[in-house]
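Please look through the sequence and the model below before reading on. The paragraphs after it are meant to be followed with the structure open beside them.

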Number of protein chains: 2
Amino acid sequence: MKNTLLLPELREYLATNKAAAIRSFCEEGHPAMVADLISSLKPDEVWRVLLHTSEERRAEIFAHLPTDIQVEVSSRLNRGELARLLTEMSPDDRVDLFKQFPEEHQEMILPALAQAEREDLRRLASFPEGTAGSVMTSDYATLLPDLTVAEAITRLRQEAPDKETIYYAYVIDENRKLLGLVSLKDLIIARSQALVKDIMEQDIVYVNADDDQEEAARKIEQYDLIALPVVNRDGMLIGIITHDDAFDIIVQEQTEDIEKLMAIGGAHEPRVYLSTSAWE
Amino acid sequence: MKNTLLLPELREYLATNKAAAIRSFCEEGHPAMVADLISSLKPDEVWRVLLHTSEERRAEIFAHLPTDIQVEVSSRLNRGELARLLTEMSPDDRVDLFKQFPEEHQEMILPALAQAEREDLRRLASFPEGTAGSVMTSDYATLLPDLTVAEAITRLRQEAPDKETIYYAYVIDENRKLLGLVSLKDLIIARSQALVKDIMEQDIVYVNADDDQEEAARKIEQYDLIALPVVNRDGMLIGIITHDDAFDIIVQEQTEDIEKLMAIGGAHEPRVYLSTSAWE
């Protein structure tokens with residue numbers, strides 16, 4: 001972590017139009033580090049910085065900004081810019097932002113998205129707040145049971161750039177019914193001619209989309225999972241919840257517990273606790 | 001998750017010595033599920049169940065038992081049994097259990113361990129409570145910078161069965177100085193003749209062993225990491241902290257915050273909160 005650039009320098013770069021310097025600032029280090037620094041800029045400055053990098057990297061950094069800043073920045077974009085940004089974001093980050101928009105803004109942006117993203121967004125946004133379905137993502141890798149290990153690895157290699165995680169691949173039948181799980185670790189250890197169905201774990205942990213999000217997070221913690229599959233009432237795989245989102249859920253739920261306790265205890269400044277928490 | 005076996009059935013199996021049934025109970029599903037069910041048994045019953053499975057699986061299930069039950073069960077074992085159990089446990093779980101033993105018990109068990117485990121245990125146990133060093137594990141994969149991608153994958157395949165995670169491999173020089181990180185995802189996407197040093201990420205997030213454990217957990221959360229490397233003052237890699245341990249740290253720290261708040265609010269039964277928490 002050698003991102004030692006300071007805010008005044010970055011503003012200086014913006015003022016003097018040092019494009020190469022801003023670009024390398026955007027592209028060095030973890031996107032969360034970049035987001036952390038630019039979140040102190042004004043909304044129009046944030047976007048001016050982000051215009052110096054690729055659309056993919058821009059969306060990654062953007063997704064790490066605090067929600068209120070995401071909303072402020074995106075409210076200044078034109079429909080085309082916003083549609084391109086949403087398209088590049090991962091499905092769960094995209095729906096989180098989308099749900100913050102006022103309803104007329106939502107209606108305005110939907111037609112600007114490609115059909116696949118639009119349908120995915122509508123589907124993810126349809127799950128009630130607080131359910132497992134409302135925090136899942138649709139970016140996961142699936143495999144069919146009759147593939148060989150070599151074929152499965154080739155497939156994951158091809159899909160890897162677009163998937164949130166390829167460390168777990170979910171095995172489904174032709175109706176998307178969830179049959180099991182293979183980890184990339186299991187795949188690279190196995191004989192290349194073995195079949196996915198013979199090495200998959202069948203007795204796996206999952207949640208239903210309408211289960212409570214806290215139940216999902218608890219399972220991820222209890223079973224030390226990287227991701228947890230989400231199924232609908234017919235047992236069809238419809239999403240996954242990743243460990244980092246489980247983390248956020250727990251922090252949020254515990255913060256709510258603390259707020260309730262503070263109210264009971266007579267302290268009426270829950271925001272003070274929130275804003276001094278390292279977890280905000 | 002089809003582990004529908006109930007406690008009375010399991011006790012019946014024990015009473016009538018149904019070895020095959022107990023064995024398959026131990027070996028089906030996630031070790032945390034097995035641990036969850038047997039944690040309601042008496043300590044001697046817990047061990048009698050665990051004797052029906054392999055030493056490796058036994059240690060995995062054992063590590064998922066609540067700490068107080070681990071201590072009770074292990075206090076009934078003879079030195080040889082306990083040494084074999086500790087040897088099979090992962091380094092971080094092993095040291096957590098070891099630190100619960102009374103000092104004379106610690107002195108008694110150390111000579112029964114092989115030199116490598118003994119030294120590792122002493123080293124891990126030497127970090128003060130609350131530091132990043134006290135929650136790290138020594139089970140991580142490393143690579144040298146001049147390996148090719150193909151050589152690196154072969155190496156990770158060989159090491160995988162013994163490592164807590166192979167999804168991140170840390171690149172170190174001959175003095176163990178931390179140079180960078182390659183993810184298994186990056187490796188399987190890269191050309192097989194590319195060099196590790198050319199595809200590794202250099203600008204990575206890490207902590208020092210004497211940093212606060214909460215700072216480490218916060219970095220794992222902020223940067224959505226599966227694991228975080230821990231270095232000593234000379235920048236040498238000495239351990240990693242995994243995402244699931246970060247989860248435990250946050251739950252623990254927030255529970256402490258809640259206990260403090262309850263004390264302030266005048267409620268004097270913090271254990272009630274603790275024991276009804278889903279996170280205990």
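What follows goes from the strands of chain B to the interface with chain A, and then to the salt bridges.

The model is predicted, and everything said here about contacts and burial is computed from it. A convenient place to begin is the open sheet of chain B, in which three strands stand in the order S4-S5-S6 with mixed pairing. Strand S4 (207-208) and strand S6 (237-242) of chain B are at the edges and have a single partner strand each, so one side of each is left without a neighbour in the sheet. The mixed character can be followed strand by strand: S4(B) and S5(B) pair in the parallel sense over two bridges, whereas S5(B), residues 227-231, pairs with S6(B) in the antiparallel sense over five bridges.

Individual residues help to fix the register of these strands. On the parallel side, B:Asn208 stands opposite B:Val231 in S5(B). On the antiparallel side, B:Ala227 has B:Thr242 of S6(B) as its bridge partner, and B:Val230 has B:Gly239 of S6(B). The hairpin of S5(B) and S6(B) has five residues between the strands, and in this hairpin B:Gly235 takes a positive phi near 80°.

How many residues of S5(B) are buried? Five of the five are, so the strand is largely enclosed by the rest of the structure. The side chains divide between two directions, with B:Ala227, B:Pro229 and B:Val231 pointing one way and B:Leu228 and B:Val230 the other, and all of these residues are buried.

Strand S1 of chain B, residues 140-143, is likewise covered on both faces, since B:Tyr140 and B:Thr142 on one side and B:Ala141 and B:Leu143 on the other are all buried. S1(B) pairs with S2(B) in the parallel sense over four bridges, and within this pairing B:Leu143 stands opposite B:Val171 in S2(B).

We now turn to the interface between the two chains. Here 53 residues of chain B are in contact with 54 residues of chain A, and the two chains bury about 5,200 Å² between them, 62% of it on carbon and sulfur atoms. On the side of chain B that touches chain A, the elements that give two or more residues are helix H3 (31-38), strand S2 (165-172), helix H12 (184-189), helix H14 (213-222) and helix H15 (243-265) of chain B. The largest share, 14 residues, comes from H15(B). By class, this side of chain B has 28 nonpolar, nine polar and 16 charged residues. The count of salt bridges between chain B and chain A is nevertheless zero, while 13 residue pairs across the interface are found in polar contact.

Two residues of H15(B) can be examined individually. B:His243 lies in this helix and is buried, with a relative accessible area of 6%. Leaving aside residues up to four places away in sequence, B:His243 touches A:Asp224, A:Leu225, A:Ile226, A:His243 and A:Phe247 in chain A, together with B:Ile220, B:Leu225 and B:Ile226 in chain B. B:Glu253, also found in helix H15 of chain B, is buried at a relative accessible area of 14%. With the same sequence neighbours left out, B:Glu253 touches B:Asp212, B:Gln213 and B:Glu214, and the side chains of B:Glu253 and B:Gln213 make a polar contact at 3.2 Å.

Salt bridges are the last topic, and a search of the whole structure finds 20 of them over all chains. One is formed by A:Arg23 and A:Glu27, whose closest N and O atoms are 3.5 Å apart; both residues lie in helix H2 of chain A, four residues apart, about one turn of the helix. A:Arg23 is partly exposed at a relative accessible area of 41%, and A:Glu27 is partly exposed at 35%. Another joins A:Lys219 to A:Glu215, with the closest N and O atoms 3.6 Å apart, and these residues both lie in helix H14 of chain A. In this pair A:Lys219 counts as buried at 12% relative accessibility, whereas A:Glu215 is partly exposed at 27%.

In chain B, B:Asp120 forms a salt bridge with B:Arg94, the closest N and O atoms being 3.5 Å apart. This pair links distant parts of the chain, with B:Asp120 in helix H10 and B:Arg94 in helix H8, 26 residues apart. B:Asp120 is buried at a relative accessible area of 13%, and B:Arg94 counts as buried at 5%. In chain A, A:Arg94, A:Asp120 and A:Arg123 are linked in a network of salt bridges.

Key. Residues numbered from 1 in each chain as written. Chains lettered and ligands numbered in written order. Predicted model: local features only at pLDDT ≥ 70, side-chain atom pairs only at ≥ 80, totals over all residues. Heavy atoms only, no water. Pairing = 2+ DSSP bridges. Contact = heavy atoms within 4.5 Å. Buried area = accessible area lost by both parts, 1.4 Å probe. Salt bridge = Lys/Arg side-chain N within 4 Å of Asp/Glu carboxyl O. Polar contact = N/O pair within 3.5 Å; in protein donor to acceptor, adjacent residues only side chain to side chain. Nonpolar A, V, L, I, M, F, W, Y, C, P; charged D, E, K, R; others polar. Buried < 20%, exposed > 50% of the residue type's maximum accessible area, 1.4 Å probe, protein only.
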